[in-house]
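I opened a fresh notebook page for this chain. My plan was to look up the fold, then the sheet, then a few single residues.

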Amino acid sequence: MDDEQLLTAVAEILWPDLRDLACREHGHAPGHVCLSVSGRAGLGNLVETLSGRYGEPFAGFDRLPPLPLSGQVDWRYAWPFSNRWVAFGRTGQGEGAGPALMIALRSTPVAEQLPAEASWLEQLVAVTGWVPRTAGQVDWAAVESRLGTPLPSDYKATREGGSR
């Protein structure tokens, strides 16, 4: 499967999210679909393309969600999309290593399951799986002075990736 076919397959599984996720790999439990990725170099382009389509990924061991096959695959990136994850990683080690791409079910909390004191921004982050980008410190006084108007605190919180 070339890159374009792979990206089309990912999109078809993600949207609409009505398709059952039943992996065709022998011995794999339901709830995910493994997709074939060629082992050639340039996999960074695939990660970059997925990031361009699905946003900033969760990356790093401490930020990744629990994913199927975690004992068999070293997951490196995961993108939330509706009730699904797109996960990318590597199987095996040495010459037997290869890229792995999977679509898996994602549980999303509903507003009633979140703490009552959660701000709307914290609720938005929890429900969407949004990963804020750290844009550095913003001098809001200077920005508001340049614009000639104060900005809402919730807008500033979304730009800072935090809560009010």
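The entries below go from the whole chain down to single residues.

**Entry 1: confidence**

I began with the confidence scores, since this is a predicted model. The mean pLDDT of the protein is 81. I noted that 86% of the residues score at least 70. Which elements have the lowest and the highest mean pLDDT? Helix H3, residues 120-128, has the lowest at 76, and H4 has the highest at 93. A reminder to myself: where pLDDT is low, the predicted coordinates should not be read in detail.

**Entry 2: the whole chain**

I looked up the elements next. The protein has five helices and five strands. Read from the N terminus, the order is α-β-α-β-β-β-β-α-α-α. I then checked burial: of the 164 residues, 34% are buried. The accessible surface is about 10,200 Å², and carbon and sulfur atoms hold 51% of that. For contacts with a separation of 6 or more, 46% are between residues 24 or more positions apart.

**Entry 3: the sheet**

In what order do the five strands lie in the sheet? I read S1-S5-S4-S3-S2, in an open sheet with antiparallel pairing. S1 and S2 are at the edges with a single partner strand each, so one side of each has no neighbour in the sheet.

I went through the pairs with bridge counts. S2 and S3 run antiparallel and are joined by two bridges. Phe58 has Ala78 of S3 as its bridge partner. S3 and S4 are also antiparallel, with eight bridges. Here I picked out Trp79, whose bridge partner in S4 is Val86. S4 and S5 pair over eight bridges, again in the antiparallel sense. Arg84 is bridged to Leu105 in S5.

**Entry 4: the S3-S4 turn**

I stopped at the link from S3 to S4. The two strands form a hairpin, with two residues between them. Ser82 sits in the loop between S3 and strand S4 (84-91). Its phi is positive, about 55 degrees, although Ser82 is not a glycine. Is Ser82 buried, partly exposed or exposed? Its relative accessibility is 35%, so Ser82 counts as partly exposed.

**Entry 5: Leu69**

I looked for another positive phi outside glycine and found Leu69, near 65 degrees. Leu69 is in the loop between strand S2 (58-59) and strand S3 (73-81). I checked its burial too. Leu69 counts as buried because its relative accessibility is 17%, and the cut-off is under 20%.

**Entry 6: helix H1**

I turned to helix H1, residues 3-14. This helix has twelve residues. From first C-alpha to last, H1 reaches 16 Å, close to the 16 Å expected at 1.5 Å a residue. Which residues of H1 are buried? I listed Leu6, Leu7, Ala9, Val10, Ile13 and Leu14. They cover an arc of only 155 degrees around the axis, so they lie on the same side of H1.

What do these buried residues pack against? I found strand S1 (32-35), helix H2 (43-54), S3, S4 and strand S5 (98-105).

**Entry 7: Ser51**

I then looked at Ser51, which is in helix H2. Ser51 has 19% relative accessibility and therefore counts as buried. Leaving aside neighbours within four places in sequence, I found Ser51 in contact with Glu56, Pro57 and Trp79. Trp79 is familiar from the sheet entry, where its bridge partner was Val86.

**Entry 8: Leu151**

My last stop was Leu151. Leu151 is in the loop between helix H4 (140-147) and helix H5 (153-160). Which residues does Leu151 contact, leaving aside neighbours within four places in sequence? They are Trp140, Val143, Glu144 and Lys156. I also looked up the spacing of Leu151 and Trp140. They are eleven residues apart in sequence, and their C-alpha atoms are 8.3 Å apart in space.

Terms used
Residues are numbered from 1 along each chain as its sequence is written. This is a predicted model: local features need pLDDT of at least 70, side-chain atom pairs count only at pLDDT 80 or more; totals for chains, interfaces and linings use all residues. Side-chain values use heavy atoms; hydrogens and water are left out. Helices (H or I, at least four residues) and strands (E, at least two) are DSSP runs, numbered from the N terminus. Buried means under 20% relative accessible area, exposed over 50%, partly exposed in between (1.4 Å probe, protein chains only). Contact means heavy atoms within 4.5 Å. Accessible areas come from the Shrake-Rupley method with a 1.4 Å probe; for residues, only the protein chains shown count as cover. The expected span of a helix is 1.5 Å times one less than its number of residues. The arc is that of the directions from the helix axis to the C-beta atoms. Two strands pair if DSSP finds at least two bridges between them. pLDDT is the predictor's confidence in each residue, from 0 to 100.
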